[in-house]
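Colleague: I am a first-year student and would like a close look at one small part of this protein, followed by a walk through whatever helps me to place that part in the whole. Please take your time and explain each step.

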Amino acid sequence: MARDDGLLIKPEPRKPWVKVAVAAGVLAVLAGGYVAFGLSGKPTPGAAVPAASSAPVAATADQLPAIIIAVLPLAAEAGDAATPAVSEDSSQQLVDALKGGNDAGQVFNDGLSAQLVGALAQFEGVAVTNPESSFQQRDPNALPATLGKTLGATHLLRGTASRKGDTLRIDAALVSAADGSTVWFNRYQRPYAELFKVQDEMAAAIGAALKVKRLPAPQGAQDERPPGGKLAAYEALLAGDAALGRGDAEGVSAAIAEYERAIGLDAAYGHAHARLALARIELATRFPTEAGDVREAGEKARREAATALRLTPDSAEAHAANAAWLGSIALDQAGALAETERALALSPRDASLLHSLAIRQTAFGRLEDAAATLRRALRLNPLSAGMLYNLGGIYLGMNDYAEAEHVLGQALALRPDISVVRAFQALAIFQQNRAPEAIAIAQQEPDPLWKAYALAMAYWANGDRARSDAELQVLIRDNPEGAATQIAGLYAQRDDEAAMFKWLQVARDAGDPGIVEIRYMPFVSRYAEDPRFIALLRELDLVQDTAKAPVPKPAGGNTP
């Protein structure tokens, strides 16, 4: 039964609330913090990492604009140590200042930098690198050409910012990555109360320097700032983003408090309502014990997403929040896919939304589409271990084992601590008739569930039935519901059809998030034509022809 509270009509959750699960790798994507969930729905940490030396994944045929800007995090302004030897109007003074910076105010500066990412993305003919990648580049001595190659950018926006009392100072330069020449440079020293005005002036000046125009509304009217103009509400939003970026339960709870504070200061702050919805979903799905009553947490998330849509119906963030609620709480994958596409129509070159779209596509078995979407997203976020991880899982589902191994290796080069990736790598390796090597890789997997799963498969492929059985029993004993889909996969590898369907039903009844992977899950996918398999897909609303509802284009908008 649908409910109508005057805000939004959406279906009731389709499964019991005994266990709320993340479906198909839900993304919580917030400025200043990016939390990527794998194909299994199991989370991976979101901390920044050094750039990997491996080459980015090959680009797709989709052409990005000629101008790709990487916004580097505004550094905290140095003291008086920098001694400019050139004109104040030169970006060289800025580079000198960067070399003597400190950590004071960096969280606030990162928030300002993220806002510039969003503002510049609203210009026609411009794409902006996702902060997940660009914010890893904090070395003031890095050469523009090196940064441009690493980030796939034609231009770099770098600078310093500081707030001293009621005075705001920002020095910023737009530099050509090809030769390091300055395209634009300016210094702003204004009352802090004029922060939003300064942000607007900066975006307009950079657009003028590049000879590009802002997109028409609604694409060119995406705004993270409070409609009432209260700086305190904006500061609370930035604090919430920073807290959420920590990736732990305490950080998510702190983010919820900050977003609530922002809304308390400006009840019409649609962007804050959307962020609050995403944070509540993350708490309920990743940390249900800390969430308390998960049914209530899910309902609160629904209301926040609905409020965001009512206040800002043309906001990509509001549609992304609603997509997250539909996908991970209501478990309405078709609805989540449609809402993600609506969000992308409003912000078509948002790498995080493209990532989310790819994960939604996998739920419907659209692996070729998902791989192409992720390759496109990686051009705007080349240092994302989470995206590479998901792309590797998709290649695994497509039986392209060599490419899966390669891409998963790239993810590990970026994030050696990341979980689940080694388990996927082990599967790709033993499918290439290298079972002993796969066993060695699986033994290094840090997540106990995935370690047992990968070892059980690798041992079976190596002909060691006893050890494979032992690992299977570990899963059945320690995690019979949360690992039900993986257990079904192990029985599928053994051609035990009855046991496989039995455990798929356990997964369905328990709300195991891995159930949405069965279209491309190793060995399980072999049963795609079985009537029982098709019936299960229908139960999960994962039948292909329901996934592509028409998505209206925003008035006046341009699609890529």
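What is the relative accessibility of Arg169, and does this residue count as buried, exposed or partly exposed?

Modeller: Please keep in mind from the start that this is a predicted model, not an experimental structure. Arg169 has a relative accessibility of 23%, and because the partly exposed class covers values between 20% and 50%, Arg169 counts as partly exposed. Its partner is Asp171, with which Arg169 forms a salt bridge whose closest N and O atoms lie 3.4 Å apart. Asp171 falls in another class, since its relative accessible area is 5% and it is therefore buried. This pair thus joins a partly exposed arginine to a buried aspartate.

The pair belongs to a wider set, for a search of the whole structure finds 31 salt bridges. Two further examples sit within helices. In helix H12, which spans residues 333-346, Glu339 and Arg342 are three residues apart, about one turn of the helix, and their side chains meet in a salt bridge with an N to O distance of 3.1 Å. Here Glu339 is buried at a relative accessible area of 4%, while Arg342, at 26%, is partly exposed. In helix H10, residues 294-311, Glu299 and Arg303 are four residues apart, again about one turn of the helix, and the salt bridge between their side chains also has an N to O distance of 3.1 Å. Both members of this pair are partly exposed, Glu299 with a relative accessible area of 22% and Arg303 with 39%. Salt bridges can also join into a network, as they do where Glu224, Asp241, Arg275 and Glu317 are linked.

To place these pairs in the whole, it helps to step back. The protein has 23 helices and 10 strands, and 60% of its 560 residues are buried. Among contacts with a separation of 6 or more, 67% are between residues 24 or more positions apart.

A contact between two helices gives a picture that does not rest on charge. Helix H20, residues 465-478, and helix H21, residues 484-493, pack at an angle of about 155 degrees, with their axes 10 Å apart. Because an angle over 145 degrees counts as roughly antiparallel, H20 and H21 are roughly antiparallel to each other. H20 passes H21 in a left-handed crossing, and where they meet, Leu472, Leu475 and Ile476 of H20 face Ile487, Leu490 and Tyr491 of H21. The residues of this contact divide into six nonpolar, no polar and no charged. Helix H20 also holds Ala466, which at 58% relative accessibility counts as exposed.

Another alanine can be set beside that one. Ala426 lies in helix H17, residues 421-430, and at 0% relative accessibility it counts as buried. Leaving aside residues up to four places away in sequence, Ala426 touches Ala438, Ile441, Ala442 and Ala454. The C-alpha atom of Ala426 is 7.7 Å from that of Glu437, a residue 11 places away along the chain. A strand offers one more buried residue, Ser162 in strand E8, residues 155-164, with a relative accessible area of 13%.

Finally, a few places in the backbone deserve a careful look. Most residues other than glycine have a negative phi, and most peptide bonds are trans. The peptide bond from Ala217 to Pro218, however, is cis, with omega near 5 degrees, and Pro218 lies in the loop between helix H5 (195-210) and helix H6 (231-244). Asn433, in the loop between H17 and helix H18 (435-442), has a positive phi near 60 degrees, and this asparagine is exposed, with a relative accessible area of 75%. Asp541, in the segment after helix H23 (531-539), likewise has a positive phi of about 60 degrees although it is not a glycine, and Asp541 is partly exposed at 24%.

Technical notes
Residues numbered from 1 in each chain as written. Predicted model: local features only at pLDDT ≥ 70, side-chain atom pairs only at ≥ 80, totals over all residues. Heavy atoms only, no water. Salt bridge = Lys/Arg side-chain N within 4 Å of Asp/Glu carboxyl O. Buried < 20%, exposed > 50% of the residue type's maximum accessible area, 1.4 Å probe, protein only. Axes fitted to C-alpha atoms, helices over the stretch in contact; angles between N-to-C directions. Parallel < 35°, antiparallel > 145°, perpendicular 65-115°, else oblique. Left-handed = near helix turned anticlockwise from the far one by under 90°. Contact = heavy atoms within 4.5 Å. Nonpolar A, V, L, I, M, F, W, Y, C, P; charged D, E, K, R; others polar.
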